[in-house]
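Me: Could you take a close look at the aromatic pairs in this one for me, and then follow the contacts outward from there? I would like a connected account with distances and angles wherever you have them.

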Amino acid sequence: MHQKKFNLKITLLFVVSVFCLNAFSEDWNVPTEQKALNSYVKFDAAATQDGEAIYTKNCVSCHGNPSKGNSLKSLNPVPPDLASNKTQALTDGELFYILNTGRMIMPSFKNILSETERWKVIAYIRSFNKNYTQVLSKVDPNKSKLVKVKMMYDALTGKVNVNVKANKPTGTVSLKDAEIVLFVKRYFGRLQVDKTFRTDNEGKASFIFPNDLPGDKNGNLELIVKVNDNNYGEIESNAILKKGIPTDKPALTEKRAIWNIMAKAPFWILLTYFLGVSLVLAVFLYIGCNLYKLWKLGNV
Ligand code: HEC
């Protein structure tokens, strides 16, 4: 009876661990149209060099140097070596998708790196594959320059209304069903406002805007809207909105902060620190002197 219970536990544990292992080694399940996506950035020496700099800043800490097998082994799952056959077997579109979405430990770089930067880092990853030949996308990167983004605050509804249009040579068209995200710029990074939406048939989307965000001295907030359209690519647009709570916040190095310089530290902290250190040194000196005295006594 006892044995049976024990066996059951072992079996359960086994099933659960196999399940966990499977969850970690899962495929990325990239949607078909994303899989076939190609880069409009040519993977030449210049792009690869830029990509290397982006990689060093954003990826090397986890993935290590491609082909060197020095990724961070303490993570679970261990970040794959990106020069490996497994990674290189992925299409450019799949790599791009992975960079966009991320998964668990692997961060999403969609809002950290621009579209061009993401393709350049892929150019660098591909430079470790001798058998790779690039298929360039037919999308014209200059198309995104035709897009105009308008942002308006509606005081009645408390919403920020965004309208996205493209000025084609044949006339102005609304960008329908484009992914659209609104951010407010903060000290460190960006704060997303409301949800990620898709533009309607008139190229419009509305975001509920919070009324309790601290702004600058005049209550100004810097808004960033990011549009992602299958035909026109990625577009970013900025605007200033005077809807924040006026805050007289000092510059980061103006007053006391953990990252500040010594000159800004209050006097009592400096005094306590130096007194403490001097006290320890004095004790050492005292012990040293006494040891010397003992040694001298022994030598008489
Ligand atoms: C915080 C650590 C971390 C950082 C930083 C990071 N990654 Fe990852 N990455 C991972 C982990 C962990 C995985 C495996 C995720 C999984 O399989 O669920 C992964 C998976 C990947 C994969 C899929 C590889 C495959 O063969 O399945 C690619 C491609 C990738 N990362 C590229 C990058 C690039 C490019 C950067 C920098 C722009 C980057 N990663 C930054 C941790 C990281």
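Reply: Happy to! A search of the whole structure, which is a predicted model, finds eight aromatic pairs. Let's begin with F43 and Y132: the ring centres are 6.2 Å apart and the planes meet at 25°, so this pair is stacked. The cut-off for stacking is an angle under 30 degrees. In sequence the two partners are 89 residues apart, with F43 in the loop between α2 (32–35) and α3 (45–58) and Y132 in the loop between α7 (115–126) and β1 (147–154). F43 has a relative accessible area of 16% and is buried.

A second pair has another geometry. The rings of Y124 and F128 are at 90°, with 5.2 Å between their centres, so they count as edge-to-face. Y124 is buried, at a relative accessible area of 8%, whereas F128 is partly exposed, at 28%. These two rings also belong to a cluster, in which ring pairs link Y55, Y124 and F128.

Aromatic faces meet charged side chains too. R103 lies over the face of W28, 4.0 Å from the ring centre. R190 lies over the face of F183, and there the distance to the ring centre is 5.5 Å.

Now to the metal, which you may want to inspect closely. The iron atom of the ligand is coordinated by H63 through NE2 and by M106 through SD, at 1.9 to 2.1 Å. Six donor atoms surround the iron atom, with angles of 88 to 179° among them, and the site is octahedral. For comparison, ideal angles for six octahedral donors are 90 or 180 degrees. The two coordinating residues come from distant parts of the chain: H63 is in helix α4 (residues 60–63) and M106 in the loop between α6 (92–101) and α7, 43 residues apart. H63 is buried, with 11% relative accessibility.

The loop between α6 and α7 turns up again among the salt bridges, whose count comes to ten. One of them joins the side chains of E179 and K110, with 2.6 Å from N to O. E179 lies in strand β4 (residues 179–185) and K110 in that loop between α6 and α7, so the contact ties together parts that are 69 residues apart in sequence. E179 is buried, with a relative accessible area of 19%, and K110 is buried with a value of 19%.

Another salt bridge runs between D177 and R198, at 3.9 Å from N to O. D177 sits in the loop between β3 and β4 and R198 in strand β5 (residues 190–198), so this contact ties together parts 21 residues apart in sequence. Here D177 is partly exposed at 49% relative accessibility, and R198 is partly exposed at 48%. K204 and E202 also form a salt bridge, with their closest N and O atoms 3.4 Å apart.

R190, which we met over the face of F183, takes part in a network of salt bridges as well: R118, R190, K226, E234 and E236 are linked there.

Finally, a word on the strands that come before that β3–β4 loop. Strand β2 (residues 159–168) pairs with strand β3 (residues 171–174) in the antiparallel sense, over four bridges. K165 has S174 in β3 as its bridge partner, and a hairpin of two residues joins β2 to β3.

Conventions:
Residues are numbered from 1 along each chain as its sequence is written. This is a predicted model: local features need pLDDT of at least 70, side-chain atom pairs count only at pLDDT 80 or more; totals for chains, interfaces and linings use all residues. Side-chain values use heavy atoms; hydrogens and water are left out. Rings of Phe, Tyr and Trp (its six-membered ring) pair if their centres lie within 6.5 Å; planes under 30 degrees apart count as stacked, over 60 as edge-to-face and the rest as tilted. Buried means under 20% relative accessible area, exposed over 50%, partly exposed in between (1.4 Å probe, protein chains only). A charge sits over a ring if NZ of Lys or CZ of Arg is within 6 Å of the ring centre and within 35 degrees of the ring normal. Donors are N, O and S atoms within 2.8 Å of the metal (3.2 Å for Na, K and Ca); water is not among the atoms, so sites may look incomplete. Four donors count as tetrahedral if all angles lie between 85 and 135 degrees; four count as square planar and six as octahedral if opposite donors are over 155 degrees apart and all others between 65 and 115; anything else is irregular. Two strands pair if DSSP finds at least two bridges between them. A salt bridge is a side-chain nitrogen of Lys or Arg within 4 Å of a carboxyl oxygen of Asp or Glu.
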